[in-house]
Amino acid sequence: MKVLLAAELLKLRTTRTFVAVAAVAVATSMLIAGLTSLLSEPSEESVLTDVFTSDTSSLFILILAIVGISGEWRHRTITSSLLAAPDRLRFLAAKTLAFAAAGLILSLLISIAVAILGFALLSSRDLPVPEGAELAAQIGRNAIVAALLGGFGVGIGVLVRNQPVAIVGVLVLSFAVEPAVLGLVPDVGRFGPFVALPVGVQDVPAADVGFEDIRPLSPALATLALLGWLSASFAAGYALLRRRDLD
Amino acid sequence: MLLGLVRADAGTARFDGARYEDLAHPSGQVGAVLEDASFHPGRTGRNHLRVLATAGGHPAERVADVLAQVDLSAAADRRVKGYSMGMRQRLAIAAALLGDPNVLILDEPANGLDPPGIRWMRDLLRAQAGRGRAVLVSSHLLSEVAQSVDDIVVIARGALRASGPLAGVLGSSDGPVTRVRSIEAERLATLLRERDIASEPEGSGALLVRGAPEAVGEIAANHRVALVELVTVSRSLEDAFFELTEAGS
């Protein structure tokens, strides 16, 4: 399993898509954190979620994971991948772990960069900054979201092999369908994997993301629910991959 | 099916008693080149092989070894999207050789190769076979196959039509055929007919004889008939293929 994981991480590192998307994730996160630090005046209570949750890695790693797995079919590299690793369960597990690890690392890098920038800008404006322990916990929660969505993206990509359909579908679900469900049926919407559960894991007040009356799940429950989405997509993806002919 | 990529309706394929997916080191025991081998266009040839070497648990040094073996060292750090078809085919072969396997399976290996490339491929396969490896080539280029292989298996519409040494499969089902040429072709045809050996004229003093050249030569010598040509007529693999596949259809 270790060698498969190493191979999947090597695949990630040796494609320009990953580097480009990671760079965009870093840039947008820094931009949001920088503008929030410069243009808003967060209170001692809100500064943590106002500035230090601007890590956008989760969305980008979700897209990258979909691109990574669906690209195996698009470029028809799935056959050489499965010749090297014919056990499809291990192959899919390695892919899932690789994107979870990539999400974790990317999120940590972004969170640390955002923390440095946020501390520097907020301090220069004599605005409150969060406690070190609070910030560390927030960075950890951000990383959990990115890791879980990275793995979830692999499951989605196996289920929907058509790359454009998978990406557009996820974007529509994230920015249109799930917010609509959240607004119309909050008790259902708060289990949504793209908006509500990440907000719950990050412990961000729902009002900060435009939902005044929503009560997100607690970080622990939201983490479990997101893990449930990942597990379900993995199981369904494996069931499909196991009986799929590759000719 | 051999490699577990497509499910078989029935039966299993095994290498040393195990299915491909159950082998301890699959790519170290079986190397494969599939028709229309595909690569991530943005990755370099070297990186493609590094990924496969890592996944297969092969030493990193093997990458440089197989790149040299397929004569791709100079292009190894170029992105695969810039490779010609022949270079892609060489890269696919390099991937199959990574684990130094005892079994090589190649589907249409000459695809995209130019004539020197085809000769190189033929020599490579012969060299692998010469080292005691089993090399299974699946191809529709029958003339190419006929120049490369020792044994042949003919499959048509899912059924085995023939298998065995190439010479045996190429031999006519009606026994040996001999072409003989003589300035006394008519007299020779009469002598053969007296021995119940059928022949038919081919023109220019040649006869196509249903019999072994030894028998034809003996009759000619005994009756002092001068010959200018005496050869066994072999079917081409293409002729044999059509005969075998049409016979069963």
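In the predicted model, chain A exposes about 10800 Å², of which carbon and sulfur atoms supply 68%. For chain B, the exposed area is about 13300 Å², and carbon and sulfur atoms account for 51% of it. The fold and overall form of each chain are described below, followed by selected local features.

Chain A contains 11 helices and zero strands. Read from the N terminus, its elements therefore follow the order α-α-α-α-α-α-α-α-α-α-α, where helices and strands are taken as DSSP runs. The C-alpha atoms of this chain fill a box of roughly 65 × 40 × 30 Å along the principal axes. A compact globule of 247 residues would have a radius of gyration near 18 Å, and the 19 Å found for chain A agrees with this. Of the 247 residues of chain A, 52% count as buried. Among the contacts of chain A with a separation of 6 or more, 79% are accounted for by residues 24 or more positions apart. As for charge, chain A carries 17 positive and 19 negative side chains, and the centres of the two sets lie 19 Å apart.

Chain B is built from 10 helices and nine strands. Its radius of gyration is 24 Å, well over the 18 Å that the globule rule gives for 249 residues, so chain B is more spread out than a compact globule. Along the principal axes, the C-alpha atoms of chain B fill a box of roughly 75 × 45 × 30 Å. Buried residues make up 41% of the 249 residues in this chain. Residues 24 or more positions apart account for 65% of the contacts in chain B with a separation of 6 or more. Chain B has 27 positive and 32 negative charges, and the mean positions of the two sets are 7 Å apart.

Two helices of chain A were examined for their length and surroundings. Helix α1 of chain A, residues 2–13, has 12 residues. From its first C-alpha to its last, α1(A) reaches 16 Å, close to the 16 Å expected at 1.5 Å a residue. The buried residues in α1(A) include A:Leu4, A:Ala7, A:Leu10 and A:Leu12. The charged residues A:Glu8 and A:Lys11 of this helix are also buried. An α-helix has 3.6 residues a turn, so residues three or four places apart point the same way. The cover over the buried residues of α1(A) comes from both chains: it includes α2 (16–39), α4, α5 and α6 (88–124) of chain A, together with α2 (45–56) of chain B.

Helix α4 of chain A, one of the elements that cover α1(A), has 18 residues. The distance from its first C-alpha to its last is 24 Å, close to the 26 Å expected at 1.5 Å a residue. Because 14 of the 18 residues of α4(A) are buried, this helix is largely enclosed by the rest of the structure.

After α4(A) comes A:Arg76, whose phi is positive, near 60°. A:Arg76 lies in the loop between α4 (57–74) and α5 (78–84) of chain A. Most residues other than glycine have a negative phi. A:Arg76 has a positive phi although it is not a glycine. With a relative accessibility of 39%, A:Arg76 counts as partly exposed, because this value falls between the limits of 20% and 50%.

Helix α5 of chain A, on the other side of this loop, contains A:Thr79. The relative accessible area of A:Thr79 is 18%, so this residue counts as buried, the limit being under 20%. Leaving aside residues up to four places away in sequence, A:Thr79 touches A:Leu246, B:Leu5 and B:Leu34. The contacts of A:Thr79 thus include residues of chain B as well as one of chain A.

A positive phi also occurs in chain B, at B:Glu108, where the value is near 50° in a residue other than glycine. B:Glu108 is placed in the loop between β2 (103–107) and α5 (115–130) of chain B. At 6% relative accessibility, B:Glu108 counts as buried, whereas A:Arg76 is partly exposed.

Helix α5 of chain B, which follows the loop of B:Glu108, holds B:Gly117. B:Gly117 is buried, with a relative accessible area of 1%. The C-alpha atoms of B:Gly117 and B:Glu144 are separated by 12 Å, and the two residues are 27 residues apart along the chain.

Note on methods:
Residues numbered from 1 in each chain as written. Chains lettered and ligands numbered in written order. Predicted model: local features only at pLDDT ≥ 70, side-chain atom pairs only at ≥ 80, totals over all residues. Heavy atoms only, no water. Helix = DSSP H or I, 4+ residues; strand = E, 2+ residues; numbered from the N terminus. Rg over C-alpha atoms; globule rule 2.2 N^0.38 Å. Buried < 20%, exposed > 50% of the residue type's maximum accessible area, 1.4 Å probe, protein only. Contact = heavy atoms within 4.5 Å. Areas by Shrake-Rupley, 256 points an atom, 1.4 Å probe, with all protein chains shown as cover. Lys, Arg positive; Asp, Glu negative; His and termini not counted. Charge placed at Lys NZ, Arg CZ, Asp CG, Glu CD. Expected span 1.5 Å × (residues − 1).
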